[in-house]
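This report describes the packing, the empty spaces and some single residues of one protein model. Please keep the sequence and the structure in view while reading.

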Amino acid sequence: MPTLAELEREALACTRCPLSGGRTQVVFGVGNPDADLMFVGEAPGREEDLKGEPFVGRSGKLLDKLVLEEMGLTREQFYIANVLKCRPPNNRDPLPDEITACRPFLEEQVKVIGAKVIVTLGNFATKLLLNTTEGITKVRGRTYPYGVATLVPTYHPSAALQGGGTEVLARMRADLVRAKQALPA
Ligand code: URA
């Protein structure tokens, strides 16, 4: 198995898809490499592309707040990465070819980190890891086995920011409580 540092070095030089031509920085992932908890988002946005770090914009601030309030955890205590490591132009949805090109990085990250609980944020991460075409609203609200780990699907924080409002937030909070309960004591 490669180390996380080796994987990151490979990702930083990646030209497997055309998104590499438009990036400022590769956004590989950050956090505790031995974490019990891992979050998987969709793709870097503008601020992430500039900083080289996932979830540093508005969605990230909301996520940090919810995770602290419902799970009592901060960034240093979990790991966070995206399905795509490079920003799609104007934050458009990831294309199937981009996901296919990038997914080996995420799959290796998941293996190397070996988290006990994986929380997928939104449709792209959830559909990829659960290998389903069902949407997030349908699949959330319960846990799924993922190898030896437990997978907890929830909304992407941008769904709460873009009009989902209190209902989406309440469901996200409930999903995070579910994730907390699935963590080892
Ligand atoms: N949205 C994502 O899915 N990932 C990020 O890193 C930022 C916003």
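The text below goes from the core to two helices, then to the cavity and the pocket, and ends with single residues.

The model is a predicted one, in which local features need pLDDT of at least 70 and side-chain atom pairs count only at pLDDT 80 or more, while totals for chains, interfaces and linings use all residues. Residues are numbered from 1 along each chain as its sequence is written, and side-chain values use heavy atoms, with hydrogens and water left out.

## Core

In soluble globular proteins, nonpolar side chains tend to be buried together. A nonpolar core is here a set of buried Ala, Val, Leu, Ile, Met, Phe, Trp, Tyr and Cys residues joined through side-chain atoms within 4.5 Å. Buried means under 20% relative accessible area, exposed means over 50%, and partly exposed lies in between (1.4 Å probe, protein chains only).

The largest nonpolar core has 55 residues, and the members that touch the most others are Met38, Phe39 and Leu106. With seven residues, helix α4 (residues 96–113) gives the most to this core. Helices (H or I, at least four residues) and strands (E, at least two) are DSSP runs, numbered from the N terminus.

Contact means heavy atoms within 4.5 Å. Beyond its neighbours within four places in sequence, Met38 is in contact with Leu106, Gln109, Val110 and Ile113, among others. Its other contacts include Tyr79, Ala81, Val117 and Val119.

## Helices α1 and α5

Helix α1 (residues 4–12) has Leu4, Leu7 and Ala11 as its buried residues. These residues lie on the same side of α1 because they cover an arc of only 65 degrees around the axis. The arc is that of the directions from the helix axis to the C-beta atoms. An α-helix has 3.6 residues a turn, so residues three or four places apart point the same way. The cover over the buried residues of α1 includes β3 (79–82) and α4.

In α5 (123–130), the buried residues are Ala125, Thr126, Leu128, Leu129 and Leu130. Among the elements that cover them are α4, β2 (37–41), β4 (117–121) and β6 (149–154). The helix is followed by Asn131, whose phi is positive, near 55 degrees.

## Cavity and pocket

Rolling a probe the size of a water molecule over the atoms shows where empty space is left. On a 1 Å grid over the protein atoms alone, a cavity is a set of points where a 1.4 Å probe fits but cannot get out, and a pocket is an open set with protein on both sides within 12 Å along at least five of seven lines; lining residues have an atom within 4 Å of a point. Grid points are joined across faces, edges and corners, and a volume is the space filled by probe spheres set on the points.

The count comes to one cavity of 30 Å³ or more. The largest cavity holds about 120 Å³ of space. It is lined by 15 residues, of which Cys14, Cys17, Lys85, Cys86 and Cys102 are the closest to its centre. The element that gives the most to this lining is α4, with four residues.

The largest pocket holds about 550 Å³ of space. Of its 19 lining residues, Gly45, Ser59, Asn91, His156 and Ser158 are the closest to its centre. Helices α2 (46–51), α3 (58–71) and α7 (157–182) each supply at least two residues of this lining.

In the table, Ala, Val, Leu, Ile, Met, Phe, Trp, Tyr, Cys and Pro count as nonpolar, Asp, Glu, Lys and Arg as charged, and the others, Gly among them, as polar.

| Lining | Nonpolar | Polar | Charged |
|---|---|---|---|
| Largest cavity | ten residues | one residue | four residues |
| Largest pocket | five residues | eight residues | six residues |

## Single residues

Lys85, one of the residues closest to the cavity centre, sits in the loop between β3 and α4. Lys85 counts as buried, at 3% relative accessibility. Not counting residues up to four places away in sequence, Lys85 touches nine others by name: Gln25, Val26, Val27, Phe28, Pro44, Cys102, Phe105, Leu106 and Gln109. Its C-alpha atom and that of Gly29, 56 residues apart along the chain, are separated by 8.1 Å.Asn91 is also placed in the loop between β3 and α4. Its relative accessible area is 44%, so Asn91 is partly exposed. Phi of Asn91 is near 60 degrees, a positive value in a residue other than glycine. Asn131, in the loop between α5 and α6 (136–139), counts as exposed at 71% relative accessibility.

Leu50 belongs to helix α2 and is partly exposed, at 48% relative accessibility. Beyond its neighbours within four places in sequence, Leu50 is in contact with Thr24 and Gln25. Leu50 and Arg23 are 27 residues apart in sequence, with 8.6 Å between their C-alpha atoms.
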